Amino acid sequence: MAFGIVDIGVYLPEQIQQPEEVLSALELGTGELQFLRKYHHLEGVPVTDSEQMLDDTIIYAVEQLQKGYPFSEIDLVLYVHSFQVQTPGDYRLMQRILSRLQLEHVPFYGLSQMNCATSIAALQWLDRLSQTQPHIRNVLLICADQFNFLPPEWRYLRKSAILGDSAVAVLLSRESCQHVVQAAHVLRDNRFHAGYHAAPEEISAFNQIYIDHIIQGMQELLASQGLGFEDINHILPHNVNWTTWKEFSRRTGVGLERIYLDNISRIGHTFSTDPFINLSSGLKEGWVCPKGRSVMVSIGLGSFFGFALVEHGGCEE
């Protein structure tokens, strides 16, 4: 049986850093700033206070989960992060978090190496793990990254995105028939393994195939379930920029009204958490159809294209 999403706790810092602050040390000129605002619709990203540690950020997200869920029934904790260096080597991040949640007895795994697509890879990995370990019924998935210990200009991916801080805590259960993750798929292209550190010509080549890979990976996911674009009610994207999804819409015929784009200008790209934040926002706003299907999308430099198919309202009368 597949896992259903019971609830999503979201933490976003109140402080918003404007593009001008991020770009100020790079001396790129006003043209690049105008490009970000006018074409990419990037208005700013949430940033944590310089003194705030990552375990506090994660706990804030967990506290947003629905009250009364019995954490004593959690069988597994998964921690996903995009940025490789998160805390000092001896900090024991997950042990601190599990102790604060009184879950010291629960096994946990850390997942990374696929950058922002790691959250989708975690769903794929969970499905495989659960097939050999049927006792795993309830899972706490944590996705979190923050850049508050690095220079602001490191948040900028040239002509593409600005990186913000966030955390999500996702409760998944085999017993839930709402928002069921029916399938997950990751498309890889090892030619662009250098990612953030790629040479300009490699970045240019990646940009040429970027939309093609989004379309291909989503088609492969849907085809595995006997579906096509016409069977999908919503796309919950990564929030790298608005231009990506405008071009995706043009090439596929999927209307922009079926793609949740509101958070691009609100918070920008927050690493691997984007699709979960968008799902949470879409549910709260009534944008997600009670009986529809969604595709969650998260893409990591390196390059990894992650997709998950979610079936809403799967409960039988």
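**Exercise 1. Helix 6**

Determine whether the end-to-end distance of helix 6 agrees or disagrees with the span expected from its number of residues, and then state where the helix is kinked.

*Solution.* Helix 6 of this predicted model covers residues 200-223, which is 24 residues. At 1.5 Å a residue the helix should span 34 Å. The C-alpha atoms at its ends lie 34 Å apart, so the two values agree. The helix nevertheless carries a kink of about 40°, centred on Ile 209.

**Exercise 2. The buried residues of helix 6**

Identify which residues of helix 6 are buried and which elements they pack against.

*Solution.* The residues under the 20% cut-off for relative accessible area are Glu 202, Phe 206, Ile 209, Tyr 210, Ile 211, His 213, Ile 214, Ile 215, Gly 217, Met 218, Leu 221 and Leu 222. Ile 209, the centre of the kink, is among them. In an α-helix, residues three or four places apart point the same way, because there are 3.6 residues a turn. The partners of the buried residues include one helix, helix 7 (242-252). They also include strand 10 (180-188), strand 11 (234-236), strand 12 (293-300) and strand 13 (304-311).

**Exercise 3. Two residues in their surroundings**

Classify Glu 32 and Tyr 60 by relative accessibility, and list what each touches beyond four places in sequence.

*Solution.* Glu 32 belongs to helix 2 (residues 30-38). Its relative accessibility is 8%, which is under 20%, so Glu 32 counts as buried. Leaving aside residues up to four places away in sequence, Glu 32 touches Leu 23, Tyr 156, Arg 158 and Lys 159. With one of these, Tyr 156, the side chain of Glu 32 forms a polar contact of 2.5 Å.

Tyr 60 lies in helix 3 (residues 54-63). Its value of 34% falls between the limits of 20% and 50%, and Tyr 60 therefore counts as partly exposed. With the same exclusion, Tyr 60 touches Tyr 11 and Gln 52. The C-alpha atom of Tyr 60 is 8.9 Å from that of Val 168, although 108 residues separate them along the chain.

**Exercise 4. The whole chain**

Compare the radius of gyration of the protein chain with that of a compact globule, and describe how its contacts are distributed along the sequence.

*Solution.* For 317 residues, a compact globule would have a radius of gyration near 20 Å; the chain has 19 Å, which agrees. Its C-alpha trace spans about 55 × 50 × 35 Å along the principal axes. The chain contains nine helices and 13 strands, and 57% of its residues count as buried. Among contacts with a separation of 6 or more, 78% join residues 24 or more positions apart.

Note on methods: Residues are numbered from 1 along each chain as its sequence is written. This is a predicted model: local features need pLDDT of at least 70, side-chain atom pairs count only at pLDDT 80 or more; totals for chains, interfaces and linings use all residues. Side-chain values use heavy atoms; hydrogens and water are left out. Helices (H or I, at least four residues) and strands (E, at least two) are DSSP runs, numbered from the N terminus. The expected span of a helix is 1.5 Å times one less than its number of residues. The bend at a residue is the angle between axes fitted to the seven residues ending there and the seven starting there. Buried means under 20% relative accessible area, exposed over 50%, partly exposed in between (1.4 Å probe, protein chains only). Contact means heavy atoms within 4.5 Å. A polar contact is a pair of N or O atoms within 3.5 Å; within protein, one must be able to donate a hydrogen and the other to accept it, and residues adjacent in sequence count only if both atoms are side-chain atoms. The radius of gyration is taken over C-alpha atoms; the globule rule is 2.2 Å times the number of residues to the power 0.38.
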